[in-house]
Number of protein chains: 2
Amino acid sequence: MKWLDTREAGFEPSFLALLNDARETTTRVDGAVSAIITEVRQKGDVALLELTRRFDRWNPTEPAALRVTAAEMEAAAATVPAEQLEALQTAARRIEAFHRAQLPTDLELTDAEGVTTGMRWGAIDAVGLYVPGGKAAYPSSVLMNALPARVAGVARIAMCVPTPDGVLNPLVLAAARLAGVSEVWRIGGAQAIAALAWGTAMLAPVDRIVGPGNAYVAEAKRQVFGRVGIDSIAGPSEVVVLADAGNDPRHVALDLLAQAEHDEAAQSILITDDAAFGRRVAEALEQALQTLPRAAIARQSWDQHGAIILVRDWAEAVELTNRLAPEHLQVMVEAPRALMSRIRHAGAAFLGRFCPEAVGDYVAGPNHVLPTGRTARFASGLSVFDFLKRTTWVEADARALSAIGGAAVTLARAEGLDAHAMSVAVRLDAIEKRP
Amino acid sequence: MKWLDTREAGFEPSFLALLNDARETTTRVDGAVSAIITEVRQKGDVALLELTRRFDRWNPTEPAALRVTAAEMEAAAATVPAEQLEALQTAARRIEAFHRAQLPTDLELTDAEGVTTGMRWGAIDAVGLYVPGGKAAYPSSVLMNALPARVAGVARIAMCVPTPDGVLNPLVLAAARLAGVSEVWRIGGAQAIAALAWGTAMLAPVDRIVGPGNAYVAEAKRQVFGRVGIDSIAGPSEVVVLADAGNDPRHVALDLLAQAEHDEAAQSILITDDAAFGRRVAEALEQALQTLPRAAIARQSWDQHGAIILVRDWAEAVELTNRLAPEHLQVMVEAPRALMSRIRHAGAAFLGRFCPEAVGDYVAGPNHVLPTGRTARFASGLSVFDFLKRTTWVEADARALSAIGGAAVTLARAEGLDAHAMSVAVRLDAIEKRP
C-alpha cells in the first residue's frame, strides 16, 4: 500500500504512477481462440462436444446433453436454501425496478418546414449471456446481465456456462430461472462465444453477447465483434473511498477489502483529509486481514495496488477522483450529495456512511457491471440501453421537401455526389410542375 | 444486379447469398499501424512532423505548423460561396435541433425501503474527431460528428484532418467553425489517432475518438480502444428501398444510385410488389448512369451488389427488410408509417415518396453516421448518447441499510465473498447497538 500526501513534493509523480498502474495481465491467446472459432464454424455441434470434453472434463454423449433441461433447472433451484432464494428474489425485484425506470421514450418532432423527424427505441432480438464457470460463477452477475435485457424487451436470452467436471451450480441456475433466461447451455470458453455468434444446428445465433469471462472468452468476443455486438471487456475491479474522520475506520477498512478480495489485480484507494483517520483505517484493515478467508488475494491487491491519499481539503479530493475516474466511488462525508455534484467521472457512486459498495453489488438496484480502469471517463455501466437500439426516421411530403431540399442539393453538389443531388432535384422539379 | 423473386424456388439461397455478401475488403495493416503508434508515443510531436512529411507530402517546419490557426479558419471560410455557407448553416441548425431533442434526463427514485437510487448523465470531457482528407473530406460529416458532441456538452473537440500536399479544404474548415470544433490539426492517418489517444507535447489527449477513416485509421482506432473510447468502424454504405408502382421509377433509380455512387462496395436493394415497376426502375437507372459523373463507381456497385427483389406482398417485404437490417431504408408506399411500425431493424428510415435518403445525409436533422452491414440488429446511429456517459448512484442511511442489507449479506456469503458480507454486517451490527 502506498501513502500519498498532496502536501509533499513528490506527490504528482506518485499519483501519476497510481494512475498509470496497468493492473491487467494480458495473455496472448488470439491464435488458439481463432482456431476454436474456426472449428465451431466448420463442425458445429460436433466441435462443441469435442471442445467440452477437452476443456471441461466431462463427456456429453450427444449435442442435446449440452442443453440444461427445464427439469434440471427446477431440480437445481430446489436445492438452494430458502434464505438464499429469498435474497435472490429481493435482488431481482430491486434490479428490475431500477432498470425499468431507465427505459427511454421515443421522440417525434414536426418543425416549421413541415418535416417530421423521430427516434424509436427497439429491443435487440436475441442476446447471448456468458457466465464463467467454477469459482467465478456469480449468481448476482446472472441477474445483473439478464434482467436489463429482459426489461428492455429482448425476446430470447441464451446463456452459456461451462460446467467443469460436469458440475452444475444450483444458485446460478436459480438466478437464470428468476431472470427469465430462455435457454441455458453447458458450454464455456471461446467455443461458447463462437456458437453464440455463428450459431450451430442446435443453438441459434444471437445479435449481441454480454457477460464476463477469462482471457479466451474476452479474445473470442473481440474476434466475433462486428458479426455481433459485444459489451466492453472488463478489467480488474477498483474502488475509491472518500471518507472523513466521522466514519468508523473498521467500516472503511472492510469496504477497501471488499474490493481487494475480488482479485490480486483489484485496486482500493482511500482519500481522506485526516492523517490520523487514515492510519486507523490502515490498522483496522491489517486486523481484518487476520481472519478474512480470501486474505491471500486481498493482501496482494492491497500491498501492490492499494493507496491512502491524504488531501488538504475535499476540493483536492474531487480533482483526484475525477482523474482516477473510478469504477466504484464511496462518498462518506457529512454532505455527500454536495461533494458528488462536483464528481464528473465515476461508474457508480455510494453516498453516506451506511451505504457500502457491497449493497450495490447485490441488492441496491443499479447495475454492478461497470467501466473499469479509468474508462468511466467515456463509458457507462450496463443498462437497458445495452439491449436497445435506435432507429431514426424522417417523414417529408412535397411541401416539406420544397422547404429543405435546396440546401441538400447545394451540399451534395459541393461534395461531388451528383446522384445524391439529383435524387432531391428531380423531386423538386416534379413538385414545381404540379398543376 | 440480381433479380430475385420470392415466388421462385431458388429464392432463399439467393437471398442468403445477398445477406452474406461480405462487401468489405480488409487489408492487413496492423503491423504498420502498431509501428506508427509506437513512434508517436516515443517521439511525440517530432514523429508527427516526420510522418506528415512522409505520408501527406508537405513540409511542416515546426510542430505549431500542424495546428490550423483561427486566422486560417476565417480565411478559408471566407472563400466558401455564400450559397454553400447558407446550406451548411441550414444543415447545422437542423442537426443541432434534432440532437438537442435527444438529450436524456437524469433519474432519481426513492423506494419504500428508504433507498434512493439515481442515474446521472454527464458529458465526456474531450473528444477527438477524425476527418479524412482528399476526396472523401465531407463537410456534412464534420457537422454530423461534431454537433452531437457539442450538444452533449463536450468542452473540447479536437479535429484531425490530413492536408495532402498541404492543401486545406475550405468547406471542411467552415463546417468545423460552424460546429464549434475547438482545435483543428493538420494530421492524418494512424498518427492522428495515436496523438489523440496518447497526447503529445502540443496536443492534449482526448477521451473518445469518432469519425470515419481508411484502413489505417480504422486499425489505429482498434489498437487504442480501451485507452480511449471509439465509435464503431463503418463498413460500406447500403440502402433498401421499399417502393410500389405509385412512384416515379426515375426517382427510385436515383435513390439507388445515390447509394451506389459512394463506393464500389456500396449496396442498393429495391423491394417492390410490382415486376413491371421493377423493370422500369432498372431501365431508368441504366439511363441515369449514362450521364452520372461517378458512373464508373456506381456501375460497379450496382452490378456486383445491387438487387431488385419482387415480393408477393408487403408482409414479405417487412420480413426480408428485418433480415437485411439495412443502414438506410426508404419506405415509398401509400401508408409508410403503418409499414414502418412493423420494421424492427434499420439504422435510419425515410418515409414517403418525397423523402429521398439524400435529405437525411445533409439537412433532415437525424445523424447520417449509421450502423452498416446488418449491425442495425444491435447498433444505432451516432447521437448525443455517444458523447454522454452515465453514473448511477445509491444513497442509503441506517434505516435503508437495515431494510436491504440482510439480502446482500446472504448473497455475498453464498458467493464466498466475506469482506463484502462483513462490510454490510458490521454496519447492521452498529445500527442495532445504537441507543
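How exposed is Glu96(B), in terms of relative accessibility? Keep that in mind as you browse these close-ups of a predicted model.

**View 1. A salt bridge within one helix of chain B.** Here is the reply to our opening puzzle: Glu96(B) has 30% relative accessibility and counts as partly exposed. The side chain of Glu96(B) meets that of Arg100(B) in a salt bridge, with 2.9 Å from N to O. Both residues belong to helix H5 of chain B, and they sit four residues apart, which is about one turn of the helix. Arg100(B) is partly exposed too, at 44% relative accessibility.

**View 2. A salt-bridge network in chain A.** Salt bridges can also share partners, and here they link Glu39(A), Lys43(A), Glu50(A) and Arg54(A) into one network.

**View 3. Arg94(B) reaches across to Glu113(A).** Over all chains, the structure holds 50 salt bridges. One of them joins the side chains of Arg94(B) and Glu113(A), at 3.2 Å from N to O. This pair crosses between chains: Arg94(B) lies in helix H5 (residues 82-102) of chain B, while Glu113(A) lies in the loop between strand S2 (107-110) and strand S3 (116-123) of chain A. Is Arg94(B) buried or exposed? Its relative accessible area is 6%, and buried means under 20%, so Arg94(B) is buried. Glu113(A), with 22% relative accessibility, counts as partly exposed.

**View 4. Arg337(A) pairs with Glu395(B).** In this salt bridge, the closest N and O atoms are 2.9 Å apart. Here again the pair crosses between chains, from helix H14 (residues 336-340) of chain A, home of Arg337(A), to strand S14 (residues 388-395) of chain B, where Glu395(B) is found. Both partners are partly exposed: Arg337(A) has a relative accessible area of 36%, and Glu395(B) has 21% relative accessibility. As a general reminder, side chains of opposite charge can pair when their charged atoms come close.

**View 5. Inside the largest nonpolar core.** Now let us leave the charged pairs behind. How many residues does the largest nonpolar core have? The count is 154. Among the residues with the most contacts inside this core are Leu143(A), Met159(A) and Val184(A), along with Leu143(B), Met159(B) and Val184(B).

**View 6. The surroundings of Val184(B).** Which residues are in contact with Val184(B), leaving aside its neighbours within four places in sequence? You can look for Leu66(B), Arg67(B), Val68(B) and Met73(B), and then for Met159(B), Val161(B), Leu173(B) and Ala176(B). Met159(B), one of these contacts, also appears with Val184(B) among the core residues with the most contacts.

Methods. Residues numbered from 1 in each chain as written. Chains lettered and ligands numbered in written order. Predicted model: local features only at pLDDT ≥ 70, side-chain atom pairs only at ≥ 80, totals over all residues. Heavy atoms only, no water. Core = buried A, V, L, I, M, F, W, Y, C linked by side-chain atoms within 4.5 Å. Buried < 20%, exposed > 50% of the residue type's maximum accessible area, 1.4 Å probe, protein only. Contact = heavy atoms within 4.5 Å. Salt bridge = Lys/Arg side-chain N within 4 Å of Asp/Glu carboxyl O. Helix = DSSP H or I, 4+ residues; strand = E, 2+ residues; numbered from the N terminus.
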